[in-house]
Each structure stands twice: as C-alpha cells, then as structure tokens.
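Below is a brief report on a ligand site and on cysteines. Start with the site itself.

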Amino acid sequence: MKNFAYVRPNSVEDAVSRATSDRDALFIAGGTNLVDRLKVFLDEPSQLLDVSRLAMKQIATTNEGGLKIGALVTNTALANNIDVRNNYPLLSRAILAGASQQIRNMATVGGNLMQRTRCPYYYDTAFPCNKRQPDTGCPAATGINRIHAILGSSDRCVAVNPSDMSVAMVALDATLEVQGVEGKREIPFVDFHRLPGNTPERDTNLEPGELITAVILPPVSFAQSGVYLKLRDRASYAFALVSVATALEVSGEQIKNARIALGGVAHKPWRATEAEEFLIGKAANKSNFEQAAEIALKDAQALAHNGFKIELSKRAIRRALAVSAQGGGEA
Amino acid sequence: MNQIIGTSVSRKDGRVKVTGEATYGAEHQIPGLVHGYLVTATIANGRIHNIDTKEAEDNPGVIAVFTHRNQPKIFQPSNGFFGLYESRLPLADDLIHYAGQIVGLVVANTLERARDAAHLVKVQYQTEQPQVEAQKATYQKAPSLFGEDFEFQEGTFETGDFSIASSDAAAKTEATYTTEIEIHAPMEPHALVAHWENQDSVTVYEPTQWVKGSQRTYAELLGIPVEGVRIISPYIGGAFGSKAFPWPHGILCVAAAREIQRPLKVVVSRRQMTANTGHRSQTEQTMRLAANKDGKLKAIEHTAKTCTSPVKNFPEPCTGITPVLYATPNMRLKQEIAVLNVGAPTFMRAPGENPGMFALESAMDELAWELNIDPVELRLRNETKEHQRKKLPFSAKHFAECLKTGAEKFGWSQRQMQPRSQKQGDLLVGWGMASSAFPALRSSAEAQVRLLPDGTAHVLTSANDMGTGAYTVVAMTAAETLGLPVAKVKVELGDSVLPNGGMAGGSQMTATLTPAVLAACQKVLETANAQNAPEAFANLRESGRAAYEATASSAPSEESKKFAFNSWGAHFCEVTVDEEIARLRVTRWVSVINIGRVLNSKTAASQIRGAVIMGIGQALMEECHFDPNTGYPVVYDLATYHYPAHADIPRIEVNFVGEPDFNFNPMGVRGVGEIGITGVSAAVSNAVYHATGKRIRSLPITPDKLL
Ligand SMILES: Cc1cc2nc3c(=O)[nH]c(=O)nc-3n(C[C@H](O)[C@H](O)[C@H](O)COP(=O)(O)OP(=O)(O)OC[C@H]3O[C@@H](n4cnc5c(N)ncnc54)[C@H](O)[C@@H]3O)c2cc1C
C-alpha cells in the first residue's frame with residue numbers, strides 16, 4: 001500500500017476536477033467496500049477524495065412524478081423512504097436484502113452501484129486476475145466457480161456484480177446522473193455496468209474522473225407489483241446466488257408491461273428484455289412464465305460448479321412473476 | 001444451606017465482556033509494543049527458490065524481517081512431545097507444504113507498516129502440483145489417536161464380506177455420506193503478545209484452552225525452564241479446539257520477540273486463518289447396516305476416509321462413537337487417511353463424533369424407513385447397556401429418557417409418517433430426529449481457595465473459561481460449599497502461575513475442575529475450623545490472620561474405572577422447504593440432554609444452543625474450498641465462509657434429564673459442550689428427507705442440492 005493523501009473536496013466540481021487531474025485518485029463515500037479493498041491491496045490510490053460530506057443526500061420528487069435520489073443517500077435511508085416504500089417497493093426490498101443493517105447505515109447509493117465483484121480470485125492478490133491486472137489470466141474459469149457468471153461472461157472474466165440495489169434499479173428503468181469536468185450527463189442504468197469482454201478491468205461506463213451525483217427513477221405505474229427474490233446460502237447477510245426483480249402490469253387477462261432483471265448471474269445487473277417482450281400481450285399464467293424463464297436463460301452457459309444457477313434462475317423468475325401477477329409482495 | 005447448584009445464574013464475566021472491559025490476548029497494551037505481520041505462502045506445494053526482503057526491510061518503521069534464512073532461535077522439542085498442532089517448526093526450511101504456510105514475519109512499529117512491508121516481501125517459488133482434492137487422493141490405514149486404533153472387528157465377517165454377518169437380515173442399508181472442510185472461525189482471531197522481561201522469562205498473552213500445556217510447549221521450544229514462561233489467558237473469544245496448543249505464528253512471535261528484544265504482537269488475519277490455524281477435515285463415510293424385522297441390528301460396518309496435512313498426521317476419529325450407541329453382535333470399524341496439501345486439521349467441536357454421527361444417524365434414519373419403524377423406536381430397541389469396545393457398563397445412562405422426553409416435548413407422535421405428507425401452505429414440512437452422544441472425560445485438577453477478612457472467597461486455578469461459563473460454575477460450586485452468595489466469590493482463571501486447573505478441551509473442564517474446587521473449599525473450612533464461610537470469617541477476624549487458604553486436587557478414582565462414561569441426548573427438529581426455489585429453513589428445535597448433574601441451567605443450556613447453531617451451520621452452509629489448481633483456499637473472510645446468521649436459527653428449546661453421576665466424580669457432573677453438536681446435522685438432513693423425499697448425503701445442504 002502506497003501512502004495516500006486524504007482530501008475532502010468542498011464541492012462536486014472540486015471533487016471531479018481533482019479526480020480528473022489525478023487518475024490514481026479514488027472517491028470514497030461510506031467506505032464499506034473501498035476500505036476493505038485497500039486493506040488487501042486491491043486498490044492503491046494516490047489520494048482518497050472523501051465525497052461523503054457533499055450535498056447529495058436528498059430524495060426529491062421529479063416533475064414527471066418520479067424520484068431523484070442523491071448519490072450520498074444511505075442505503076438505510078433509501079430503503080426506508082416513504083415514497084420508495086410506497087411507489088417502488090421492489091427497490092426497498094432489494095436494498096434490505098443486502099448486507100447488514102450496520103453496513104447499510106454507512107453504505108451510499110453511489111458506493112453500492114460502484115461496489116466491485118466478490119470473486120475470491122479477484123479478492124486475493126495471490127491469484128492472477130484479469131480484472132485486477134489485465135492480461136494475467138482468470139483462474140476462476142478453471143477453479144472453484146460456484147458463484148460465478150452464467151450469462152454474458154467472456155474467457156477473460158467470469159465474475160458477477162454483487163449489488164442488489166442495481167438489480168432493482170435496472171428493472172425500474174433508472175437513469176444515472178453523473179458529473180465530469182465537462183459537465184453533467186445522464187446514463188441509462190442498463191448501459192451503466194458493462195460486460196467483461198476484453199476489458200474486465202472496467203466495471204462501468206463511468207469515465208475517469210466522473211462522479212455519480214444522482215439516480216433518477218421514472219414513475220412506474222405498475223411498480224406496486226414489484227418483487228425482489230434473493231436466493232442465497234443463508235437466510236441473511238449473504239450475497240445472492242441468484243436474485244430476480246420483477247414487476248407486471250396486467251389488464252384484464254393480458255400482460256401490458258413486464259420487467260424482469262436478474263442479479264448474481266452476470267458481470268452486470270441483467271435485464272431480460274427478450275423475456276419481457278415475450279410476455280407482453282400474453283396471459284399471466286404459469287406456462288407463459290415458464291416460457292419467459294426459458295427465454296431469459298436461453299443463452300446461459302455453465303462452468304464446472306455453477307450449472308445449478310441456470311435452473312435456480314428459471315425457478316426464481318417463475319416464482320417472482322407469479323407473485324407479481326398476484327399484485328406483488330414478498331416472494 | 002443455600003441452594004445454588006442447579007439454579008440459573010447469569011455469567012459472572014458477562015458484564016465485562018459486553019462493556020469491553022475484558023482484555024483479550026492481543027488487547028494487552030505494553031509500552032514499546034511492536035507489530036508482526038505474517039508472510040504466507042501463495043503456493044501449496046514446492047519450495048522457496050528465492051526470498052527477497054530488501055524492499056520490505058527498507059520500508060519505514062520496519063524493525064526486522066524473519067524468514068527461513070534467519071529463523072529466530074527455536075529448539076526441537078524432545079521425542080514424544082505432543083503439545084503442537086503442526087509437527088513442523090515455523091520457518092524450519094524452504095519447503096512449502098500448504099498454501100498459507102508461514103514463510104516470513106515482518107516486524108514494524110505499527111500494524112499498517114508491518115502489513116504493508118509484508119506485502120513487499122517477494123518470494124519466488126519452485127512450484128509442484130499440489131493435491132487438495134480428497135476424491136483424487138491416495139488413502140492408507142489411519143494411525144491411532146490417543147492410543148486408540150481405528151480398526152475394530154467383532155462377530156462374524158469371516159470372509160471380510162458384510163453379507164455373511166447380514167445374510168438373514170430383514171433389511172439392509174448401505175450409503176456413503178460426505179462432509180466438507182469446516183474452519184473454526186472463532187470470533188476472536190488467533191492473536192498474541194509476547195513480552196520478554198529478561199533473557200529467561202517471557203510473558204505470553206494468548207488465548208489458550210490449556211495454559212499449562214502452552215507454558216510447557218513454549219518453554220521447550222525456547223529452551224528455557226517451564227517457570228520462565230508465564231501464560232495469561234483470562235478470556236477466550238471462542239476456540240472450539242483450535243486454541244489448545246501453540247500454532248506456528250505463536251511460536252514465531254515469542255521467538256522473534258526474544259530476538260528483537262521488544263514486546264511483540266502478532267494477529268493472524270481472517271484470510272490467513274482460513275489456511276493455517278486448523279480446520280475439520282472433510283470426510284467420506286460408508287455405513288452398512290443390517291437388521292432383523294423387529295429392528296434389532298445384526299451388523300454395523302462403518303468405514304471413514306479423512307484427510308490430513310504433510311505437517312500433521314491427524315485422523316478425524318469418525319468411527320469412535322459407533323460402538324457406544326447401538327448394540328450389535330457384528331461390528332466392523334475402519335478408517336483411512338490421505339495427505340493433502342492443506343494446513344493441519346485438528347480438533348473441532350466433537351472431533352469424530354460429529355461427522356461420525358452424521359453418517360450413523362442418517363443411516364439409522366434410512367434403516368427406519370426401510371423397516372417402516374419409527375426412528376425413535378428403532379433407537380430405543382437398539383440401545384446398548386455397555387460400551388462395546390471397552391466392555392464396561394455405562395454409568396447413569398438416561399439415553400432412552402432423552403429420546404422419549406424429546407419426542408413428547410416435540411409432539412413427535414403427531415408426525416405423519418410418509419415423506420412429503422406434511423404441508424404448511426405451499427411449503428413442505430419435515431420432522432427429523434437424531435441421537436446425540438459424547439464421551440464424558442475427566443482429568444486431574446488443582447484449585448486454591450482463599451478466605452479473606454473482607455468477607456470474600458477467592459478461587460484460583462489455571463483453568464480457563466473460553467466462553468463456556470467456567471467462571472460462573474466455579475463460583476457457584478464454591479458459593480454453595482462455603483455457604484456464601486455467588487457475588488462474594490471471586491474467581492481467577494487462565495494464568496499459568498496458578499494451580500494446575502487442567503485443559504478446556506473434550507468438554508471436560510467442569511467435570512475436571514469443580515471437584516477440585518469442592519475439595520479445596522472443604523479443606524479451607526477445615527483449616528478454619530468452621531462449618532461455613534461466615535463462621536470462618538468470624539474466626540479469621542478473631543485470629544488476626546491475613547487469610548485462610550487451602551489447595552486441593554481431585555482426580556478420577558479407581559472406582560470410576562469400572563464404568564464407561566458418556567453423555568446422551570436427542571435432537572428433534574422441523575424444517576420447511578419451498579421446493580420450487582430450493583429454500584430451506586429450520587423452523588423448530590427441541591434438544592433433550594443428559595449430562596449428569598446440571599450445575600448452572602442457564603449456561604448449560606447456552607452451551608447446547610451454541611452447539612446446535614454450529615451444527616445447523618454444518619448442516620446447511622459451512623464449507624471451505626480450495627482452488628484445485630493452486631491449492632489456495634477461496635474462502636477469504638467471514639462474508640465468504642458462511643455460518644448461521646440470526647435469521648437462520650429458530651427458537652431452540654433445551655431440556656435436561658437424568659441424575660447426578662456420582663460414579664464419575666463427587667460433583668456428579670459430566671461435561672456439557674460438544675454433546676450439543678452431535679447428531680444435529682443428521683437431524684436436519686433426516687427432516688429434509690421427511691419433507692421432500694430426497695435423501696441428501698453430502699453436507700452442507702445448500703440450495704443447489706435441493707433442486
Ligand atoms: C460483509 C458485507 C456484506 C455485503 N452484502 C451485500 C449484499 O448482500 N448486497 C449488496 O448489494 N451489497 C452488499 N455489500 C456491499 C455494500 O452494499 C457496499 O459495500 C456499499 O453499498 C458500498 O457503499 P459505500 O458508500 O460504503 O461505498 P465505498 O466503499 O465508499 O465506495 C465503493 C466504490 O464506489 C466508489 N464511489 C463511491 N461513491 C461514488 C460516487 N458518488 N461516484 C462514483 N464512484 C463512487 C468508490 O470510489 C469505491 O470504488 C456488502 C458489504 C459487506 C462488507
């Protein structure tokens with residue numbers, strides 16, 4: 001670990017300009033992921049730019065009737081926010097399914113979306129890892145890969161994104177607001193995280209120096225039907241083996257709108273667009289849900305130890321859709 | 001006289017623990033203290049080709065870097081010495097036997113600098129292919145453990161064929177059961193401070209289950225007299241068998257502290273603890289049972305394969321409990337062992353009995369289904385009055401009572417026999433049960449009691465409390481014997497200068513220590529010529545003496561050699577399974593346990609609860625995997641090594657039955673600890689079968705296995 005400077009930028013602009021002029025600087029917010037990483041030499045920043053005191057802690061209603069969530073809102077505050085609970089229950093549930101109360105009290109929205117993979121091969125510098133050090137190899141592909149990707153991986157990286165919140169955000173068609181030295185820009189959530197391809201070292205499409213300032217949720221008329229189902233190795237305080245976020249708009253017998261997103265299966269929160277399209281205009285019944293699940297997983301590929309995730313994902317989709325069709329709630 | 005034994009008393013050390021006042025090993029602040037950080041091998045087999053410490057040494061704050069090229073002075077222990085987990089001494093040579101093996105120690109003036117510099121030590125290896133896969137290993141006959149051979153045969157297996165013994169059996173079952181590597185993962189990490197006061201005397205602040213043992217080991221390895229080593233270990237934040245002897249990091253810390261002439265602290269990181277401070281071996285066990293129509297066992301064959309390390313030959317003694325549980329004319333036990341490139345496996349809460357009873361109690365359940373006999377009834381019909389290897393009768397055995405009481409408390413008679421027949425909404429509900437058993441051990445111990453003019457009694461002994469409640473039962477024993485309230489008894493434990501209180505291992509502390517406390521209390525009253533402490537205090541004030549004091553010891557009697565001693569129990573549980581999404585929850589638990597006399601109903605029940613929780617962890621989630629290519633563990637912290645969270649655990653009802661076992665000791669107590677975990681994983685797996693009709697013979701029962 002190199003010595004690093006600790007700096008508290010006094011504004012978003014200040015933070016961004018420092019981060020842009022020093023490529024080795026890192027933002028720190030709640031620190032619940034970054035500090036752990038520093039301790040095991042995964043990151044060796046030149047400076048830590050502590051953004052946690054900046055004014056990005058508001059949750060405000062937008063003109064469209066959605067919500068604009070500041071990047072520094074804590075996971076706890078967001079999950080318990082009354083508008084979120086009423087209008088986006090699936091987001092609230094996704095957050096509460098993650099980490100522990102203590103961690104959620106510290107963790108921020110921006111930090112959650114930027115947290116890095118829990119692949120054990122990434123996590124220990126004793127192993128080579130293309131994500132940590134490009135072109136060194138991916139021991140997970142031929143190692144113990146029970147928790148690894150079944151969708152969208154490459155021969156360079158089979159890691160999965162661990163965030164629960166992101167799965168909800170992608171299902172809700174959120175947009176990220178980010179700020180760089182050139183000014184603000186918006187990134188649709190689906191395009192924010194990347195697939196590993198040949199550059200697994202890059203998790204997201206955030207440009208160097210850019211800071212996430214807010215996440216914008218559009219109004220979703222059928223968000224009440226939202227479900228977040230997280231399946232894992234213990235009842236609480238574990239990352240997802242597979243998670244599913246769903247919502248359905250059903251009018252009469254027909255599905256008008258469908259959202260399906262998966263977590264724990266890919267390098268990014270996985271939106272199952274084709275399966276959603278399949279459902280539109282169909283009846284909300286078991287056999288259609290089964291087919292949707294098949295479509296969502298049709299390109300899935302198993303490694304030595306994670307084949308079960310394909311079946312588990314299908315079942316989770318079926319279950320979550322069934323609960324959404326009943327109007328949402330706990331699955 | 002005041003009745004204290006058998007009541008419910010909150011732990012004496014509870015307050016200092018929850019307020020943070022209790023000082024654990026590595027929390028001792030000593031002026032001039034410096035920090036050591038371990039450098040550990042990143043390969044699992046081979047040798048060190050080159051080790052470059054230059055950059056580390058040049059780093060700010062670095063005081064010393066130790067490697068095999070400048071091993072601090074450590075002496076070879078004498079022949080037959082057993083007080084070590086690893087037979088190999090730290091930094092002995094350039095050989096690497098397992099990933100995570102210590103290859104260096106960096107000492108610096110702060111922890112951060114030591115850790116940083118440790119990261120800068122560059123090791124080049126000559127790597128050989130490691131073997132970390134049990135399935136691919138080569139097995140041979142397991143060595144004996146504590147003088148007990150694993151090969152055992154009785155009855156008719158003339159041709160070596162199971163079918164002879166079971167030829168006219170009404171039912172036969174044969175199945176293979178596997179368990180994964182579990183790590184102890186105690187809440188307090190392995191950590192110590194070593195402080196040399198001068199060349200011949202060192203104080204070691206370290207959590208240890210056996211202060212007198214550690215004292216001897218350190219003395220031997222450091223080449224100084226036993227009295228030169230003082231071990232201070234008043235509190236232990238969990239050990240479960242992993243803190244009974246010094247590990248290489250401890251030896252290295254104490255030896256390096258002598259070299260640098262400063263107090264030195266070494267804390268093993270969670271990451272490192274997954275590799276080099278012990279684990280329970282994976283096991284593969286085949287159980288073959290044969291029984292008559294009425295359920296009477298005709299034959300049991302139990303074979304076990306476990307793995308060990310190049311640095312320790314430790315067989316997980318899986319078959320030891322089998323002759324204790326069920327009567328059969330034909331029994332065959334066999335154990336094999338293979339060496340893998342992993343750290344030393346060791347004792348972990350009910351070593352042997354725990355995985356052994358997963359196999360045996362699952363097999364008994366399978367047999368019960370085969371015969372269509374209730375599993376509780378099947379066990380009752382096969383109870384044995386004697387230990388079938390020792391040929392001794394059991395003392396104060398209340399096993400049947402455990403089974404019957406458990407069945408009643410749980411409502412077992414309401415069980416619908418057929419698998420998949422119980423439902424709760426869309427959930428499948430399963431009920432399972434298993435027996436619980438653990439040998440009652442006892443050694444000799446010594447305690448001192450002092451009566452002081454301020455009206456308090458002090459009990460002093462080197463024994464320790466690793467979270468079990470020893471402080472409290474010692475105080476209760478003294479309070480009742482002396483006729484004092486518990487609050488008037490002060491207990492001092494965990495210091496090697498105190499009388500030898502024995503070892504906190506094998507669940508024997510209470511049975512070993514409280515008889516000595518009883519004897520010392522009786523003796524001090526005699527000395528004071530008093531019936532009880534208040535009288536003694538009056539005499540004391542009159543006499544003008546500073547204190548009355550007496551030391552007494554207690555050891556197993558000749559009489560006790562006529563019996564086999566064991567504790568007994570039964571677990572009953574309910575699980576729900578959401579079959580579509582493979583979600584399993586344990587929803588109800590009843591344990592009934594017989595441990596002789598219960599001294600403190602509160603801490604005794606806590607011991608059982610803790611053990612049941614750990615058993616549920618083993619049943620559902622605990623497993624430590626090693627990368628097959630490099631041999632490096634892929635579990636790196638408490639977020640990746642899963643053990644139960646609160647949400648995984650239902651209310652656990654604990655009941656005790658039985659009577660004081662005075663054949664065992666004058667207190668009538670047998671130990672309570674490990675007994676609680678035995679049978680737990682089988683009870684869960686048996687319930688899963690009842691719920692789903694699916695027999696899962698490999699632990700842990702993770703969601704993938706339920707699909
Ligand atoms: C034991 C444990 C269990 C956990 N379990 C779960 C779980 O089940 N599900 C789950 O979803 N999460 C889980 N987490 C992860 C947790 O949610 C994250 O650690 C947390 O959300 C990160 O937020 P933070 O504010 O602390 O981020 P930090 O640690 O401060 O930062 C994380 C990263 O984000 C970057 N960053 C922070 N803010 C911004 C910003 N505004 N713009 C750009 N970059 C930024 C930082 O540079 C850093 O790289 C767990 C964590 C732990 C330690």
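By class, 17 nonpolar, twelve polar and five charged residues make up the shell around the ligand. The model is a predicted one.

**The ligand site**

The ligand sits between chains A and B. It is surrounded by 34 residues. The closest are Phe27(A), Gly31(A), Thr32(A), Thr108(A) and Asp164(A).

Several elements of chain A each supply at least two residues of the shell: strand E2 (25-28), helix H2 (34-39), helix H7 (109-114) and strand E8 (211-217). H7(A) gives the most, with four residues. Domain 1 (5-52) and domain 2 (223-326) of chain A each contribute at least three residues to the shell.

Backbone atoms also meet the ligand. The table lists distances from a backbone N or O atom to an oxygen atom of the ligand.

| Residue | Distance to a ligand oxygen atom |
|---|---|
| Ala29(A) | 2.8 Å |
| Gly30(A) | 2.8 Å |
| Ala99(A) | 3.0 Å |

On its own, the ligand has 980 Å² of accessible area, and the protein covers 96% of that.

**The cysteines**

How many disulfides does the structure hold over all chains? The count is zero. Cys402(B) is in no disulfide, and the nearest cysteine sulfur, that of Cys573(B), is 16 Å away. Cys402(B) counts as buried because its relative accessibility is 0%.

Why does the sulfur of Cys624(B) form no bond with the closest cysteine sulfur? That sulfur, in Cys307(B), is 13 Å away, which is too far for a bond. A disulfide needs the two sulfur atoms within 2.5 Å. Cys624(B) has 2% relative accessibility, so Cys624(B) also counts as buried.

Conventions. Residues are numbered from 1 along each chain as its sequence is written. Chains are lettered from A and ligands numbered from 1 in the order in which they are written. This is a predicted model: local features need pLDDT of at least 70, side-chain atom pairs count only at pLDDT 80 or more; totals for chains, interfaces and linings use all residues. Side-chain values use heavy atoms; hydrogens and water are left out. Buried means under 20% relative accessible area, exposed over 50%, partly exposed in between (1.4 Å probe, protein chains only). A residue is near a molecule or strand if one of its heavy atoms lies within 4 Å of it. A polar contact is a pair of N or O atoms within 3.5 Å; within protein, one must be able to donate a hydrogen and the other to accept it, and residues adjacent in sequence count only if both atoms are side-chain atoms. Accessible areas come from the Shrake-Rupley method with a 1.4 Å probe; for residues, only the protein chains shown count as cover. Ala, Val, Leu, Ile, Met, Phe, Trp, Tyr, Cys and Pro count as nonpolar, Asp, Glu, Lys and Arg as charged, and the others, Gly among them, as polar. Domain bounds come from an automatic or database domain assignment.
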